[in-house]
Every structure is written in structure tokens, then in C-alpha cells.
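The following exercises are to be worked with the sequence and the coordinates at hand. Each task is followed by a solution that proceeds step by step.

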Amino acid sequence: MDYLACVTSTGFLCPGVSAHIAKALNFRPDVRRTDILGMGCNAGINGLQVVTDYVRMNPGKKALLLAIEVCSSAYYVGSSMETAVVTSLFGDGSAALLISSADEYSGANGPMIVDFESETITENIDALRYNLVNGMLSFYLDKDISYVIGANIHKPIQRLLERHDLKCELRAE
């Protein structure tokens with residue numbers, strides 16, 4: 001393994017998750033590492049950008065992206081509806097993706113990462129956060145967050161499509 005990127009909003013460790021993974025998997029001591037923390041649901045796309053950029057700049061190298069969440073470590077025990085909703089939505093889990101540069105597999109069939117686009121909705125930055133409640137971290141998720149995302153999702157999609165001379169046509173069925 002040449003590069004390891006770990007994304008998490010709940011795995012706050014020092015040294016980072018990547019160091020612990022590198023040790024557990026017996027990676028070379030010179031493996032390059034990045035820990036991406038506290039980005040919520042957007043962390044995966046940001047991690048994917050980092051590993052993709054690495055393999056594009058380093059043909060023949062391999063990069064591993066790990067998304068790791070340990071939400072149970074941040075559960076706040078309380079009786080509010082807010083706490084019940086957050087606890088029911090977020091659980092522990094992980095996913096991994098190994099990528100390499102296209103040169104290495106020129107002729108192989110399979111998915112290829114072509115481009116990225118994202119949107120930071122700064123006016124709603126407080127819709128997803130941790131609060132300190134009774135000396136413990138408690139995750140807060142605004143009840144309108146799905147509407148905020150829904151109202152803005154067209155922006156990054158439109159930019160991405162335009163950049164590649166593509167159009168989105170919606171058909172009612």
C-alpha cells in the first residue's frame with residue numbers, strides 16, 4: 001500500500017485512525033497517510049478526491065480509502081426526541097475502496113473516477129454539529145436538513161454536467 005486516507009467524524013484519535021490501521025495491517029513504515037475528520041456525510045467524497053489525486057499524480061501506486069464511523073462512542077444518553085432520532089439514524093460501520101491509476105489497467109472494464117463536484121452550504125453550517133450537553137458530546141441534526149440539501153443538490157450536479165457537456169432530462173413516468 002502506498003497511500004492510506006481515513007475519513008471519520010467519530011473516530012477522534014491521536015495518532016489518527018490511519019496510524020492504527022497501518023500498524024494493524026502491517027503497512028510499510030513509509031506509507032503516506034491522511035486523516036480527514038469531522039466532515040460528516042461529505043467526508044467520503046473528500047477522501048475520494050484525495051486518493052484519486054494521489055494515484056493520478058503517482059502512476060503505478062495504490063491508494064486505500066477507509067471510511068470508519070464509531071457513532072456508538074458518541075451516543076449521548078438522553079430522553080429527548082432529538083437524541084432518539086440521531087441515535088436511530090447513525091450507527092457504527094466502515095467501508096473501503098482500493099484504487100490505482102488508469103494506466104495500470106488500460107483495457108480493464110470497470111468503474112473509473114472521472115470528476116468531482118461538491119457544494120458547501122455555509123448559511124446552514126449549524127444544521128449538523130456536536131453540542132456539549134452535561135459535559136458530553138451530543139450530536140445535533142437539524143430537522144430541516146433534508147430540505148436544505150434537496151434545495152441545493154442541483155447546484156453541484158449542474159456544474160458537473162455542464163463541465164462535461166451533459167444535460168439532465170427528467171421524465172415523468
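**Exercise 1. Confidence**

Which elements of the protein have the lowest and the highest mean pLDDT?

*Solution.* The model is predicted, and confidence is therefore examined at the outset. For the protein as a whole, the mean pLDDT is 86, and 91% of the residues reach 70 or more. Among the elements, helix α3 (residues 81-89) has the lowest mean, 76, while β1 has the highest, 95.

**Exercise 2. The sheet and its helices**

Determine the strand order, identify the edge strands and place helices α1 and α2 against the sheet.

*Solution.*
Step 1. Four strands make up an open sheet with mixed pairing, in the order β2-β1-β3-β4.
Step 2. β2 and β4 (93-100) each have a single partner strand, so they stand at the edges and one side of each lacks a neighbour in the sheet. From one strand to the next, the twist averages 15 degrees.
Step 3. The pairing of β1 with β3 is parallel and extends over five bridges; C6 stands opposite L66 in β3.
Step 4. Helix α1 packs on the sheet, where it touches β1, β2 and β3, and its direction makes about 130 degrees with that of β1. Helix α2 lies across β1, β2, β3 and β4 and runs at about 165 degrees to β3.

**Exercise 3. Cores and buried helix residues**

Which residues touch the most other members of the largest nonpolar core, and which element gives the most to this core?

*Solution.*
Step 1. The largest nonpolar core holds 13 residues, of which Y3, V51, A63 and L65 touch the most other members.
Step 2. β1, α2 (43-57) and β3 (62-69) are the elements that give two or more residues to this core. The most come from α2, which gives five.
Step 3. The surroundings of A63 can then be listed. Apart from neighbours within four places in sequence, A63 is in contact with M1, Y3, V51, Y54, V55, L97, L98 and I99.
Step 4. There is also a second, separate core of ten residues, among them V17, V31, L64 and L66.
Step 5. In α1 (residues 17-24), the buried residues are V17, S18, A19, I21 and A22. Their cover includes β1, β2 (32-37) and β3. After α1 comes N26, with a positive phi near 55 degrees.

**Exercise 4. Two buried polar residues**

Are D2 and T10 buried or exposed, and what do their side chains reach?

*Solution for D2.*
Step 1. D2 lies in the segment before β1 (3-8). Its relative accessibility is 13%, and because the cut-off for burial is under 20%, D2 counts as buried.
Step 2. The D2 side chain makes a polar contact of 3.4 Å with the side chain of R28. A polar atom of the same D2 side chain lies 2.8 Å from the backbone nitrogen of K62.
Step 3. With neighbours within four places in sequence left aside, the contacts of D2 are R28, V31, R32, Y54, K61 and K62.

*Solution for T10.*
Step 1. T10 is located in the loop between β1 and α1. At 12% relative accessibility, T10 counts as buried.
Step 2. The side chains of T10 and E69 are joined by a polar contact of 2.7 Å. The T10 side chain also reaches the backbone nitrogen of V70, at 2.6 Å.
Step 3. Leaving aside neighbours within four places in sequence, T10 is in contact with I68, E69, V70, C71, S73 and Y130.

Note on methods:
Residues are numbered from 1 along each chain as its sequence is written. This is a predicted model: local features need pLDDT of at least 70, side-chain atom pairs count only at pLDDT 80 or more; totals for chains, interfaces and linings use all residues. Side-chain values use heavy atoms; hydrogens and water are left out. Buried means under 20% relative accessible area, exposed over 50%, partly exposed in between (1.4 Å probe, protein chains only). A polar contact is a pair of N or O atoms within 3.5 Å; within protein, one must be able to donate a hydrogen and the other to accept it, and residues adjacent in sequence count only if both atoms are side-chain atoms. Contact means heavy atoms within 4.5 Å. pLDDT is the predictor's confidence in each residue, from 0 to 100. A nonpolar core is a set of buried Ala, Val, Leu, Ile, Met, Phe, Trp, Tyr and Cys residues joined through side-chain atoms within 4.5 Å. Two strands pair if DSSP finds at least two bridges between them. Axes are lines fitted to C-alpha atoms, for helices over the stretch in contact, and angles run from 0 to 180 degrees between N-to-C directions.
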